[in-house]
Amino acid sequence: MKWERKDLLGIKDLSGEEISLILDTAESFLEVSTRDIKKVPTLRGKTIINFFVEASTRTRTSFEIAGKRLSADTINISASTSSLVKGETLADTARNLEAMNPDVIVIRHSCAGAPHMLARLVRQSIINAGDGAHEHPTQALLDMMTIRSRKGTLSGLNVTIVGDIAHSRVARSNIYGLNKMGAHLTVAGPATMMPRDIRELGVKVSFRLEEALQDADVVMMLRIQTEREQRSVFPSLREYSAFYCLNGDNIQRARPDVLVMHPGPVNRGVEISPEIADGANSVILEQVTNGVAVRMALLYLLTGAIE
Amino acid sequence: MQKKLVMDAAEIDRSLTRIAYEILEKNKGVTDLVLVGIRTGGVFLAERLQKKIFDIEGVKVPSCILDITMYRDDLLSAHRKPRIMKTEIPFSLDKKKAILVDDVLFTGRTIRAAMDALIDFGRPQSIQLAVLIDRGHRELPIRADFVGANLPSFLWEEISVNLIEKNGRDEVVVEDSN
């Protein structure tokens with residue numbers, strides 16, 4: 001298995017072998033975060049710019065910690081403190097960043113395709129940390145890592161993804177990835193939250209949570225994006241939660257050892273009830289821990305080809 | 001390509017037996033001893049030394065696995081980087097006598113990386129080095145404390161330590177890669 005990529009833009013164009021290599025590498029890096037001295041010299045002298053044009057705490061912190069644990073220098077830029085507010089175009093900002101010779105630029109942007117544009121524009125490695133409603137590849141990779149480490153495999157598992165499938169980059173990246181790895185996918189949510197082309201993605205579609213949870217090995221609850229849901233896709237949060245909140249009753253339909261996942265931040269009582277979010281089946285915080293390892297693996301892989 | 005057998009299974013086994021005795025002699029027993037196998041060949045040799053020491057002293061000394069890739073000094077210059085494998089050191093090495101185990105000692109760069117890695121897991125009382133083959137050509141001031149066989153070699157020769165656990169049989173062969 002060779003790794004030849006300069007950028008990580010999405011899961012869609014990765015092969016199953018590449019996904020496995022990333023997950024294997026991430027598992028090897030996991031141990032570094034458990035040490036007293038949480039630092040290895042692997043990326044000494046490398047510079048990583050975290051360019052977050054859209055709000056984030058988890059992902060940005062995770063990338064920053066990943067870079068620092070590998071001894072790289074990490075710099076964070078957020079939209080509000082960047083020259084974008086002075087009217088500089090994204091392309092110009094990127095060219096200026098390029099001129100300072102970083103090695104990796106991690107970008108989050110509310111426009112789908114922004115990382116792809118940067119990847120064509122600059123010679124540095126680009127990592128997509130979420131582009132609009134398109135993809136969030138590192139989230140899908142940490143989700144797959146969490147499932148694989150708990151279940152031993154991804155192949156043949158029943159995975160149910162619930163929520164706003166149409167506007168979720170987490171769902172899209174997970175659908176691409178889990179399909180390649182041989183999982184059986186079901187998506188559920190109100191019809192207004194289903195993308196038109198959903199069946200072409202190779203998933204079962206359900207509009208009833210109870211039905212979608214039947215025999216699930218893994219259930220991923222998506223966050224209701226209150227900042228994006230100004231359009232009328234459901235009458236009220238209360239109604240959404242009455243039909244689509246994962247709780248102690250409906251979870252009984254899933255397998256007893258079902259993994260409960262959530263990409264965060266959690267809206268307690270909206271898409272998931274607090275006792276389930278904190279319950280024995282929940283691996284929500286494990287996802288966060290694995291996220292650092294996945295990002296360490298990507299920083300390592302993207303800063304040089306692997307034989 | 002010419003292949004020359006330089007050590008057979010019995011010779012490897014005798015060398016390891018001697019090294020086990022030497023480790024015990026030098027350290028006056030098993031107290032605080034920890035074996036650290038360097039991936040990949042060193043891991044199996046560390047397991048074998050653990051068994052030999054058990055046969056002699058009746059004590060199973062802890063053994064763990066070190067992957068030195070994260071500490072290599074050629075990561076930035078190498079065009080291709082190696083895969084990172086798991087390091088499994090589930091205990092602190094503070095105040096321990098760590099015996100690094102590897103199959104072939106060559107430039108010494110692997111051992112430099114291994115020592116840096118070990119110190120990140122605590123402050124060992126001492127670090128010692130056991131190798132099956134010392135083939136010379138050191139590029140760093142490093143020497144082994146326990147050596148199975150000294151095998152002066154040409155730089156273009158390839159020395160392979162084959163082990164049952166790795167490739168089905170115990171032997172050391174020299175190949176002329178010219």
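Let me start with S56 of chain A, which counts as buried at 17% relative accessibility, and which sits in the loop between strand 1 (47–52) and helix 2 (58–69) of chain A. Please keep in mind throughout that this is a predicted model, and that the values I quote are computed from it. The side chain of S56(A) has a polar atom 3.4 Å from the backbone nitrogen of T59(A), and the side chain of S56(A) also reaches the backbone nitrogen of R60(A), at 3.2 Å.

A second loop residue in chain A can be described in a similar way. Q124(A) is found between helix 4 (114–121) and strand 4 (125–131), and with a relative accessibility of 3% it counts as buried, because the cut-off for that word is under 20%. What does the side chain of Q124(A) have at 3.5 Å from one of its polar atoms? The partner is the backbone oxygen of E98(A). If we leave aside neighbours within four places in sequence, the residues in contact with Q124(A) are K6(A), D7(A), E98(A), N101(A), P102(A), D103(A) and I105(A).

Staying in the loops of chain A, I would like to show you M194(A), which is found between strand 6 (184–188) and strand 7 (204–206). Is M194(A) buried or exposed? Its relative accessible area is 11%, so it is buried. Not counting residues up to four places away in sequence, M194(A) touches I165(A), A166(A), V187(A), A188(A), G189(A), V205(A), S206(A) and F207(A); of these, V187(A) and A188(A) fall within the range of strand 6, and V205(A) and S206(A) within that of strand 7. As a distance to keep in mind, M194(A) and L246(A) are 52 residues apart in sequence, and their C-alpha atoms are 18 Å apart in space.

Let me now turn to a helix. Helix 5 of chain A covers residues 137–151, and its 15 residues reach 21 Å from the first C-alpha to the last, close to the 21 Å expected at 1.5 Å a residue. How many of the residues of helix 5 of chain A are buried? The helix is mostly covered, with 12 of its 15 residues buried, and the buried ones are P137(A), T138(A), Q139(A), A140(A), L141(A), L142(A), D143(A), M144(A), M145(A), T146(A), I147(A) and R148(A). After helix 5 of chain A comes G152(A), whose phi is positive, near 85°.

Helix 5 of chain A has a partner in helix 10 (residues 284–302) of the chain, and the two axes come within 8 Å and cross at roughly 115°, in a right-handed crossing. On the side of helix 5 of chain A, the residues that meet helix 10 include L141(A), L142(A), M145(A) and R150(A), while on the side of helix 10 of chain A they include E286(A), N290(A), V294(A) and L298(A). The residues of this contact divide into 6 nonpolar, 7 polar and 4 charged.

Chain B offers a second helix pair to set beside that one. Helix 1 (residues 9–27) and helix 2 of chain B pack at an angle of about 65°, with their axes 9 Å apart, and here too the crossing is right-handed. Among the contributors from helix 1 of chain B are I12(B), L16(B), I19(B), A20(B), I23(B) and L24(B), and among those from helix 2 of chain B are L45(B), R48(B), L49(B), I53(B) and I56(B). By class, this contact has 11 nonpolar, 1 polar and 4 charged residues.

I will finish with some details of the backbone, beginning with cis peptide bonds. One joins G264(A) and P265(A), with omega at about -10°, and P265(A) lies in the loop between strand 9 (259–261) and helix 9 (274–277) of chain A. Another runs from R39(B) to T40(B), with omega near -5°, and T40(B) has its place in the loop between strand 2 (33–38) and helix 2 (41–57) of chain B.

There are also positive phi values in residues other than glycine. D215(A) has a phi near 60° and lies in the loop between helix 7 (209–213) and strand 8 (218–221) of chain A, where its relative accessible area of 36% makes it partly exposed. K95(B) has a phi near 65° and lies in the loop between strand 4 (80–81) and strand 5 (97–105) of chain B; at 61% relative accessibility, K95(B) counts as exposed.

Methods:
Residues are numbered from 1 along each chain as its sequence is written. Chains are lettered from A and ligands numbered from 1 in the order in which they are written. This is a predicted model: local features need pLDDT of at least 70, side-chain atom pairs count only at pLDDT 80 or more; totals for chains, interfaces and linings use all residues. Side-chain values use heavy atoms; hydrogens and water are left out. Helices (H or I, at least four residues) and strands (E, at least two) are DSSP runs, numbered from the N terminus. Buried means under 20% relative accessible area, exposed over 50%, partly exposed in between (1.4 Å probe, protein chains only). Contact means heavy atoms within 4.5 Å. A polar contact is a pair of N or O atoms within 3.5 Å; within protein, one must be able to donate a hydrogen and the other to accept it, and residues adjacent in sequence count only if both atoms are side-chain atoms. The expected span of a helix is 1.5 Å times one less than its number of residues. Axes are lines fitted to C-alpha atoms, for helices over the stretch in contact, and angles run from 0 to 180 degrees between N-to-C directions. A crossing is left-handed if the near helix is turned anticlockwise from the far one by less than a right angle, and right-handed if clockwise. Ala, Val, Leu, Ile, Met, Phe, Trp, Tyr, Cys and Pro count as nonpolar, Asp, Glu, Lys and Arg as charged, and the others, Gly among them, as polar.
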